[in-house]
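Work through the exercises below with the sequence and the coordinates at hand. Each task is followed by a worked solution.

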Amino acid sequence: MRYISVLTIAGSDSCGGAGIQADLKTMSALGIYAATAITSVTVQNTTGVQAVQAIRPDIVAGQIKAVMDDIAPKVIKVGMVNNAEIIRAIADTLSPYPHATLVIDPVMVSTSGALLMQPHAVEAFCQCLLPLCTLLTPNIPEAEVLSHTSIRSIDDTERAARHILQLGCRAVLIKGGHLEGQAKTDVLYQADTPPLSFSHPTVTTRNTHGTGCTLSSAIASFIARGSSLPEAIQQAKCYLSSAIEAGKDVSIGRGNGPVNH
Ligand code: PLP
């Protein structure tokens, strides 16, 4: 029996709720064989991140090459990339695979406020990774940094998305969850295609650790299973809503608990 595989290139979260651990749980739940390339090890629990150790760029590149040479997944998810050297190593290693579908979550700052991408790395991220990217999934603060615009309402997301699309990625899904007091809507922008909105019910819970990682991994999984981009986003949002609902009353740790896969 042949499995459908996806490679996740991301950081490790010791408390198991975000990063590589969330990716593995999501992909496994969706019937995908997940291979991993670890970019950084974070020391964290549900109350916050205490330390970040970036992995040597040649070791990040080696993990990717080993997986691509052997298992050859056609879909790749990229999460936390801590510094410019790692970003360049990932871009160089993936350049022989121009037909791979890349879903990139531009992880910059954790909900608890820890810096997960160094500020100097943003330029390398835009120059090296965005031109390879099929779908970018920024939240509002990340879209603001990447587009150099400020977003006050969902109407401002179009201008930000047009800036980001000019950097070379083929599609951008701006997640509206950070807009206070407004309906929670995510909008998909692609050049030459009208924007597509995806709304979702709001669940009141502290247990939202790892939601971004879960969404991007689920999108990558549904694409690998054959869905179109809009279908994969819709299906991934349903998966994430169920995982948030299933985890809303679960008590794990003293802080922001994880979603439940
Ligand atoms: N740690 C790692 C390794 C991550 O990749 C991420 C998000 O992508 C986080 C922590 C932050 O997760 P959250 O903001 O949901 O707490």
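The exercises treat a predicted model and cover a ligand shell, a nonpolar core and one helix.

**Exercise 1.** Describe the shell around the ligand by residue, by element and by class.

Step 1. Start with the residues: 17 lie around the ligand, and Gly11, Ala18, Gly19, Ser110 and Thr111 come nearest.
Step 2. Assign elements: strand 1 (5-13) supplies at least two residues of this shell, and so does helix 7 (211-224).
Step 3. Sort by class: 10 residues of the shell are polar, 6 are nonpolar and 1 is charged.

**Exercise 2.** Find the residues with the most contacts inside the largest nonpolar core, and the helix that gives this core its largest share.

Step 1. The largest nonpolar core holds 67 residues, and the most contacts inside it belong to Val78, Ile90, Leu129, Cys133, Val172, Ile219 and Ala236.
Step 2. Helix 8 (residues 229-247) contributes the largest share of this core, 8 residues.
Step 3. Take Ala236 and leave out residues up to four places away in sequence: Ala236 then touches Leu215, Ala218, Ile219 and Phe222.
Step 4. For context, nonpolar side chains tend to be buried together in soluble globular proteins.

**Exercise 3.** Determine how many residues of helix 1 (residues 19-29) are buried, and what they pack against.

Step 1. Apply the burial cut-off, 20 or more other C-beta atoms within 10 Å: 8 of the 11 residues of helix 1 are buried, and the helix is mostly covered.
Step 2. List them: Gly19, Ile20, Gln21, Ala22, Asp23, Lys25, Thr26 and Met27.
Step 3. These buried residues pack against strand 1, strand 2 (33-45), strand 4 (75-78) and helix 7.
Step 4. Check what follows helix 1: Gly31 has a positive phi, near 80 degrees.

Definitions and conventions:
Residues are numbered from 1 along each chain as its sequence is written. This is a predicted model: local features need pLDDT of at least 70, side-chain atom pairs count only at pLDDT 80 or more; totals for chains, interfaces and linings use all residues. A residue is near a molecule or strand if its C-beta atom, placed from the backbone, lies within 6 Å of it. Helices (H or I, at least four residues) and strands (E, at least two) are DSSP runs, numbered from the N terminus. Ala, Val, Leu, Ile, Met, Phe, Trp, Tyr, Cys and Pro count as nonpolar, Asp, Glu, Lys and Arg as charged, and the others, Gly among them, as polar. A nonpolar core is a set of buried Ala, Val, Leu, Ile, Met, Phe, Trp, Tyr and Cys residues joined through C-beta atoms within 7 Å. A residue is buried if 20 or more other C-beta atoms lie within 10 Å of its own, exposed if 12 or fewer, and partly exposed in between; C-beta atoms are placed from the backbone. Two residues are in contact if their C-beta atoms, placed from the backbone, lie within 7 Å.
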